[in-house]
Amino acid sequence: MSADRSGSHSRSKGSPGSRRKPASAAQGRREAVTKPGLEARIAATRLLGAVIDGRASLDGLLDRKGGNPHFLALSEPDRQLVRAILAAALRHLTVLEALIDRLTDKPLPEGARSLRHLLVVALTQILHLDVADHAAVDLAVSQAQIDPRNKRFASLVNAVLRRLIRERETLLSDLDAVSPFPDWYMGRLAASHAPATVDAIARALKVPAPLDLSVKSDAAGWAERLGGTVIATGSVRLPPGGPPVPELAGFETGEWWVQDAAASLPARLFSDLSGKRVADLCAAPGGKTAQLILQGGVVTAFDQSASRLQRLEDNLARLGLSAHVVRARAQEVVDEEGFDAVLLDAPCSSTGTVRRHPDVVWTKSFTDVETLARVQRQLLDHAARLVRPGGELVFSNCSLDPLEGEELVAGFLADHPAWRIKPILPANWPGLEETITGKGEMRTHPAQLAHEDERLAGLDGFYAVVLTHS
Ligand SMILES: C[S@@+](CC[C@H](N)C(=O)[O-])C[C@H]1O[C@@H](n2cnc3c(N)ncnc32)[C@H](O)[C@@H]1O
């Protein structure tokens, strides 16, 4: 339910600026920083370091309220440029890093992390953004000159980038064999998918995700008004790169909210919810809460995070919907009566959302997957206690990893013999048959929902299952 439009492509509009020799270092610094696009590049380089070396979440760094101060100090166009640089850099990082290794005759000095990040940002601008080559080189050299750590490497930066421009075709064709994502991530994909599917998923993950909207009603009408299409999930899909979300018709009046097509599926797996008592245990920022309310449920939305619950309340208010909102850890929720329906949309590794969050492969590791799978199993065990006999429990998350999905649920069922999977029937999900497993679970991934225009294809990776007990 974010109001930011991620993946938007901004363009650097500036000329390289004056080349007059500065009278002093300080004056040179001042003049250099006034070059259009340079401040944004400096911020992008810093933030890239924070993601790769500090494992900071990109969403957190770019948050409009609590984000990184260097980012918040930028003008809106510069912020857009930083977003575009970071999204492209993180999406293509394995290749960019390999390219740097090939472009430098000897390895960069140990510990020269900021130099490496500076080069990644420059390569990203040259290869993936609409910036003139000479402007990108000039900015990168200026950036190196005004940074005491990188000043002595300014001529190296110049030589490396000029060589890239000269030998671009040959260098890039040599990089076909470079793994598209870090080994741990590719290894986990390979553990649960055939090689052709791994390749298709990896290709799909390189393309920025479209903007999917869940509408309160009249999907076809909203698709027409917004220039989108209605896809198999019932979502309205718009290509990436359009105007900011709050500027789109229907936002102010609360006619729809932003929700990936795959994320819109778990809440719809329940049987009729009219008048039923529903618990949404990990609810914020409330995309699925809104669906449960619109499906007729009397919803209590729980979440442990006060700030995220505030976002949920703001989102529901914009949509004109209401729920009972409770700040609580899911494992501490008690209910004597038993809910008719419980949704556990659990905190997970988010490995299915790399199209939207390209930092995930760099900030997470397999250890996180294992840790989060254990947390989710505890939450699932507790959620099961809150469901009345005959009620339904939907467990979902946005991980692609079976440890957090199929295998976790198999372990739960082995330990809880009264529980079973209520199979999802392909006949009820026209156009989404490929997402339903042999056991009746739902498993989406980014290579599904193919479309001739790759910008309009795909889904986030999600796992969802309906569980019930007698
Ligand atoms: C994947 S997000 C939920 C997205 C939400 N269901 C939606 O559709 O908008 C996971 C949420 O779980 C919350 N969370 C994490 N651990 C929790 C716990 N132990 N109890 C309650 N909420 C938790 C996080 O604060 C986060 O808001």
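In this predicted model, helix H8 passes helix H9 in a right-handed crossing. The briefing takes up the packing of H8 against H9 and against H2, then an open sheet of 4 strands, and finally the ligand, which is surrounded by 17 residues.

**Helix H8 against helix H9**

- Helix H8, which spans residues 133-145, packs with helix H9, residues 154-173, at an angle of about 160 degrees, and their axes are 8 Å apart.
- Because angles over 145 degrees count as roughly antiparallel, H8 and H9 are described as roughly antiparallel to each other.
- On the H8 side the contact is made by Asp133, Val137, Ala140, Val141, Ala144 and Gln145, while H9 contributes Ala154, Val157, Asn158, Leu161, Arg162 and Ile165.
- Sorted by class, this contact of H8 with H9 comprises 8 nonpolar, 2 polar and 2 charged residues.

**Helix H8 against helix H2**

- H8 also meets helix H2, residues 38-52, where the two axes come within 10 Å and cross at roughly 65 degrees, and H2 and H8 are therefore roughly perpendicular to each other.
- The crossing in which H2 passes H8 is right-handed, and its contact is made by Leu38, Arg41 and Ile42 of H2 together with Leu139, Ser142 and Gln143 of H8.
- The residues of the contact between H2 and H8 fall into 3 nonpolar, 2 polar and 1 charged.

**The open sheet and helix H12**

- The 4 strands of the open sheet follow the order S2-S3-S1-S4, with antiparallel pairing.
- Strand S2 (229-230) and strand S4 (256-258) stand at the edges and have a single partner strand each, so one side of each is left without a neighbour in the sheet.
- Strand S1, residues 211-215, runs antiparallel to S4 and is joined to S4 by 3 bridges; within this pairing, Ser214 has Trp257 of S4 as its bridge partner.
- Helix H12, residues 219-226, lies across S1, S2, strand S3 (236-238) and S4, and runs at about 15 degrees to S3.

**The shell around the ligand**

- Of the 17 residues that surround the ligand, the closest are Cys282, Gly287, Ser305, Ala330 and Asp345.
- The elements giving two or more residues to this shell are helix H13 (287-294) and strand S6 (298-303).
- The shell around the ligand is mixed in class, with 7 nonpolar, 5 polar and 5 charged residues.

Notes:
Residues are numbered from 1 along each chain as its sequence is written. This is a predicted model: local features need pLDDT of at least 70, side-chain atom pairs count only at pLDDT 80 or more; totals for chains, interfaces and linings use all residues. A residue is near a molecule or strand if its C-beta atom, placed from the backbone, lies within 6 Å of it. Ala, Val, Leu, Ile, Met, Phe, Trp, Tyr, Cys and Pro count as nonpolar, Asp, Glu, Lys and Arg as charged, and the others, Gly among them, as polar. Axes are lines fitted to C-alpha atoms, for helices over the stretch in contact, and angles run from 0 to 180 degrees between N-to-C directions. Angles under 35 degrees count as roughly parallel, over 145 as roughly antiparallel, 65 to 115 as roughly perpendicular and the rest as oblique. A crossing is left-handed if the near helix is turned anticlockwise from the far one by less than a right angle, and right-handed if clockwise. Two residues are in contact if their C-beta atoms, placed from the backbone, lie within 7 Å. Two strands pair if DSSP finds at least two bridges between them.
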